[in-house]
Structures are given as C-alpha cells and as structure tokens.
Amino acid sequence: MRKIKRIIRLLALIGVYILSAYSYMFAKGFVYNGERFELSNVANASTSTSFSIPVDAQIKISSQLNRAFGSEQAPLTMYSYSSFDCSHCEDFHRFIYPKIERDFVKTNKLRFVFISLPSTPISMQATKLLYCAPSDKYHDFVNQLFQKKNWRFASDNKLLNKEASLIGMSENDIIKCNNDKKLTSDILLMRENAINEIGIKSTPSFIIEGKSGKELIVGARKYEDIKEYLEKRIKENR
C-alpha cells in the first residue's frame, strides 16, 4: 500500500513538473509542431539586414475579422500579426501600441488592424471569442487576454469563457461563438494567407500598407525605430 502511495506521489510530481515546463515554454513563445517544440516568436529581426522587406501578396481578411482602429483616410495601415501565446506580442500591445495609438492612430496618420494567429486549440477559442466581442470592447479584450494568462494553460475553456463574460458576453453568446464554423474557417484562411502567401514566419510581425506598397517588419522593435519608420512612410504616401 505504501509503495502504491509513493508511486502515485511520484507521478503527481512528474505531472506538475511537465505542466510547469509546458506553461513556461508557451509563455516564452514556443509551440509544438507535432515532433518538437519550436520558438514561435522572435525578439528582433536579426536575420534581416533591413528594417522592412517589400511584399506583394494580397492581405485577405473577412469583414468580421477586419476590426480596424483609426481613420479610413489615414495614409498608412498597419496590420499587426500576433499570437496570444507570444510574450513579445504581449509586450508590443502593452507598451508599444499605446504610443503608436497616441502619436499616429489618434492623429489620423495610421489605421491599425490587430490580427490574431492562433497556434494552439485554446488560443483558437480565444481568437474566436475576440472576433465575437462587441466592437466597443474589442481593443480592451485584446489587452485583457494578453494580461491575464491563466486561461492559456487551463484544461478547459472555463477561465477563458469567464474573461469573455467580463466584457458583457452572455453564456449564449459564448456558445454561439464557439459553434460558429464559418468564423473558424475565416480564421484558418486568414492564418493560411499570412503564413503561406504573405510569408509571416514568426510573431509579432507587421505589414505596413500605403500607396507606395506593402512592407513587412519582423519581430519586436523599439518604439523610436518604429516611429522613425512610420514618419518616413507617411511622407512618401501623402
């Protein structure tokens, strides 16, 4: 009997260790590709010799997923490709985006579109709830999902659904959203477009679009560098 209890205790400790390691890896931006864990985000674009890369691919986003902030007359549109499993994406949206919003979005110089690229089943559910959220709660919900991390490592959707309820979504709203197959399809098509056509290989990544074309920025950047780049592009696209 004592031997069995020791085995059970040992298995429980192993389980806690595995869960802790798994949680840590996801928090740092690792994803499991079916064979091994790989880093899904990068701190900077160290493999690129330039700040931005020209791209020609068309950005494909359904009307439900195209939640834009800022004036339609803005000379530039910034598409932010992010994942809720990505710590650098969280840093961008908590610390860098507020400055971009202050200096460019609210001054009608930039239109901003947040795009969630789910990499796990639970982040897919979070992405669906995000796009089902009321328009006036959308931006707050993005920040909320980044800041509150417990839902990412839960064994079910209870904690995630609780977060959705805090922004006013009812139980029926949540069930309807989770069962929306078209929404799932739209998200997967957007993800496929990002990865296979545009060339998004890591998060965060950004597409800056204007009259002069589209350019890709890979990885988290200092605000001062982003500001300098945007000011230059704005002058080119007036």
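This passage looks at the nonpolar core and the aromatic contacts of the structure. The model is predicted, so local features are reported only at pLDDT of at least 70 and side-chain atom pairs only at pLDDT 80 or more, while totals for chains, interfaces and linings use all residues. Residues are numbered from 1 along each chain as its sequence is written, and side-chain values use heavy atoms, with hydrogens and water left out.

A good place to start is the largest nonpolar core (buried Ala, Val, Leu, Ile, Met, Phe, Trp, Tyr and Cys residues joined through side-chain atoms within 4.5 Å), which has 60 residues. Tyr-81, Phe-92 and Ile-100 have the most contacts inside this core. Helix 2 (residues 87-105) gives the most to it, with 7 residues; helices are DSSP runs of H or I with at least four residues, strands are E runs of at least two, and both are numbered from the N terminus. Beyond its neighbours within four places in sequence, Phe-92 is in contact (heavy atoms within 4.5 Å) with Met-78, Ser-80, Tyr-97, Pro-98, Ile-100, Phe-112, Phe-206 and Ile-226.

Turning to the rings, 10 aromatic pairs are found in the whole structure. Ring centres of a pair lie within 6.5 Å, using the six-membered ring of Trp; planes under 30 degrees apart count as stacked, over 60 as edge-to-face and the rest as tilted. Phe-51 and Tyr-229 make a tilted pair, with 5.4 Å between centres and 35° between planes. Phe-51 sits in the loop between strand 2 (37-39) and strand 3 (53-55), and Tyr-229 in helix 8 (residues 223-236), 178 residues apart. Phe-84, Phe-114, Phe-146 and Trp-151 form one aromatic cluster.

Note on methods
Buried < 20%, exposed > 50% of the residue type's maximum accessible area, 1.4 Å probe, protein only.
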